[in-house]
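Q: I'm new to this structure and would like a close look at one part of it. Could you walk me through the biggest enclosed space and the helix packing that goes with it?

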Amino acid sequence: MVTDKDMDGGWAWVVLAATSLGMVVAGTAAIATGFLQVEFLEHFSQSTSYTSLVTSTFLCLELGMGPFSSVLCNVFSVRVAMMTGGVLMSLGLIIASFSTDILHLLLAFGALGGAGFGLIYTPLNVILGHYFTHRQPFANGISLASCGTGLAVGAYFVIWLIDAYGWRMTVSALACVSLQFCVIGCLYFPTKHTKTTLCCTRRKQICGECRKPETCLWFLKDARWWIMCSNYGLLMIGYAIQIVHLPAYAESVHIDHVLLPGLYTTYGVVISVARVLCGVLCNDTTVDLRMVFFSTQALEGLVIVFMPLYAKDYAGFMAYQILVSLFYGASLVPLTPLVVQLFGVDRLSTVFGWIMLWGGAGSLAGPVIAGLFVIVASLLILLIPGCKLGTFESQEDVTMETLVHLKEQPAKKSFL
């Protein structure tokens with residue numbers, strides 16, 4: 001067990017370095033879904049909404065497995081949860097590389113691989129809360145900034161693999177890299193804050209300082225828990241839409257796919273810088289974490305709402321990536337310290353896991369809803385007088401790119 005001298009120093013720095021490496025891998029896996037979505041659409045020739053289930057399920061379970069991961073963290077240890085997730089994720093991606101239809105891909109890549117991804121995501125985010133006290137916001141900022149590095153470098157890595165070897169070999173390579181989570185988990189030694197029992201297995205939990213028994217569903221009566229969960233769920237609806245559909249949307253407005261990695265590099269670099277700076281800011285005890293957390297999300301929402309007005313070419317997309325990554329990157333830094341501040345470190349794994357579940361639901365709903373919007377838009381286009389009704393043989397032929405082309409063409413006069 002790690003001693004007091006390793007808190008905020010000593011072995012804690014080793015854990016921070018390992019966690020940062022894990023965040024790089026996690027960022028690469030997350031950013032790969034957008035590029036793989038394009039490949040899946042081309043290879044399996046299914047509708048956008050149906051194909052989106054594969055990548056959206058993967059992103060959904062990345063967060064949605066939070067409560068199950070917190071159970072493993074509480075009953076066994078953070079190390080066990082981390083290593084179990086690494087094995088499941090690697091196994092799911094290896095199986096997915098041999099998929100012959102979209103259903104097999106959904107079960108292997110989306111369900112099994114996403115479940116493993118979800119099991120490792122909670123340990124990566126909560127482990128620093130057990131090793132750092134006074135420097136936790138700063139350490140959290142460094143760790144989350146490393147995820148931005150994965151977003152920046154991973155885009156080039158994934159594009160190169162797809163162009164050189166195809167999507168199957170790309171998925172296999174991601175499976176091999178994900179085994180590093182098992183190595184990282186080996187470095188997570190238990191601390192004095194680590195719990196090895198779960199309240200549901202003992203019927204009651206002895207809570208920190210107050211020593212009062214409480215039921216497992218205590219959080220259902222806590223308004224702060226509902227606010228944090230619903231907030232993160234709504235946030236991830238928008239985030240998942242961008243991750244999954246942004247490459248396809250960029251190509252639909254005639255942005256060459258060769259330029260797409262540059263957008264993600266900018267996205268990752270700005271996220272890294274924003275998270276480091278926000279970590280330094282939040283390390284000041286006079287800073288209100290709740291104000292930083294909610295204000296950055298509000299600014300991010302404004303950037304996304306007005307995106308269609310300025311993101312019409314490569315320069316506009318670059319401006320969008322800079323602004324949205326600046327505020328999104330900063331918004332996640334106060335999350336873990338804020339949970340510790342509101343609920344205590346003993347409840348960190350439990351509360352964080354449930355917040356991730358709500359985020360996972362948003363990640364699942366977002367890309368599918370966006371795909372349905374394309375279908376609804378296609379029906380409206382076909383019903384509007386003056387549109388070229390003979391252009392499409394079926395509803396599946398209507399894509400985001402064709403909708404953009406129709407929008408740019410002047411409508412013919414209607415004789416109705």
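A: Here is a walk through the cavities, followed by three helix pairs. Keep in mind that this is a predicted model.

Let's start with the empty space. Rolling a probe the size of a water molecule over the atoms shows where empty space is left. Here the count comes to five cavities of 30 Å³ or more. The largest cavity has a volume of about 170 Å³. Its lining is made up of 17 residues, and the ones nearest the centre are Glu62, Tyr121, Cys147, Tyr239 and Tyr328. Several helices give two or more residues each to that lining: H1 (11-44), H2 (48-64), H5 (102-131), H6 (136-165), H10 (223-252) and H14 (314-332). Sorted by class, the lining of the largest cavity holds 14 nonpolar residues, one polar residue and two charged ones.

Two of those lining helices, H1 and H10, also pack against each other, with their axes 8 Å apart and an angle of about 45° between them. At that angle, H1 and H10 are therefore oblique to each other. The crossing of H1 past H10 is right-handed. On the H1 side, the contact is made by Ala30, Ile31, Thr33, Gly34, Phe35, Gln37 and Val38, while H10 brings Ile243, Val244, His245, Pro247 and Ala248. By class, that contact of H1 with H10 has eight nonpolar and four polar residues, with no charged ones.

Now take H6, another helix from the cavity lining. H6 packs with H15 at an angle of about 150°, and their axes are 9 Å apart. Angles over 145 degrees count as roughly antiparallel, and that makes H6 roughly antiparallel to H15. Gln136, Pro137 and Asn140 of H6 meet Thr336, Pro337 and Val340 of H15. The residues in this contact of H6 with H15 split into three nonpolar and three polar, with no charged ones.

H15 (residues 335-343) has a further partner to look at: H12 (residues 289-305), packed at an angle of about 135° with the axes 10 Å apart. H12 and H15 are therefore oblique to each other, and their crossing is left-handed. From H12 come Leu289, Arg290 and Phe293, which meet Leu335, Pro337, Leu338 and Gln341 in H15. The contact of H12 with H15 has five nonpolar residues, one polar and one charged. If you're tracing H15 on screen, try picking out Pro337: this residue takes part in the contact with H6 and also in the contact with H12.

Note on methods: Residues are numbered from 1 along each chain as its sequence is written. This is a predicted model: local features need pLDDT of at least 70, side-chain atom pairs count only at pLDDT 80 or more; totals for chains, interfaces and linings use all residues. Side-chain values use heavy atoms; hydrogens and water are left out. Axes are lines fitted to C-alpha atoms, for helices over the stretch in contact, and angles run from 0 to 180 degrees between N-to-C directions. Helices (H or I, at least four residues) and strands (E, at least two) are DSSP runs, numbered from the N terminus. Angles under 35 degrees count as roughly parallel, over 145 as roughly antiparallel, 65 to 115 as roughly perpendicular and the rest as oblique. A crossing is left-handed if the near helix is turned anticlockwise from the far one by less than a right angle, and right-handed if clockwise. Contact means heavy atoms within 4.5 Å. Ala, Val, Leu, Ile, Met, Phe, Trp, Tyr, Cys and Pro count as nonpolar, Asp, Glu, Lys and Arg as charged, and the others, Gly among them, as polar. On a 1 Å grid over the protein atoms alone, a cavity is a set of points where a 1.4 Å probe fits but cannot get out, and a pocket is an open set with protein on both sides within 12 Å along at least five of seven lines; lining residues have an atom within 4 Å of a point. Grid points are joined across faces, edges and corners, and a volume is the space filled by probe spheres set on the points.
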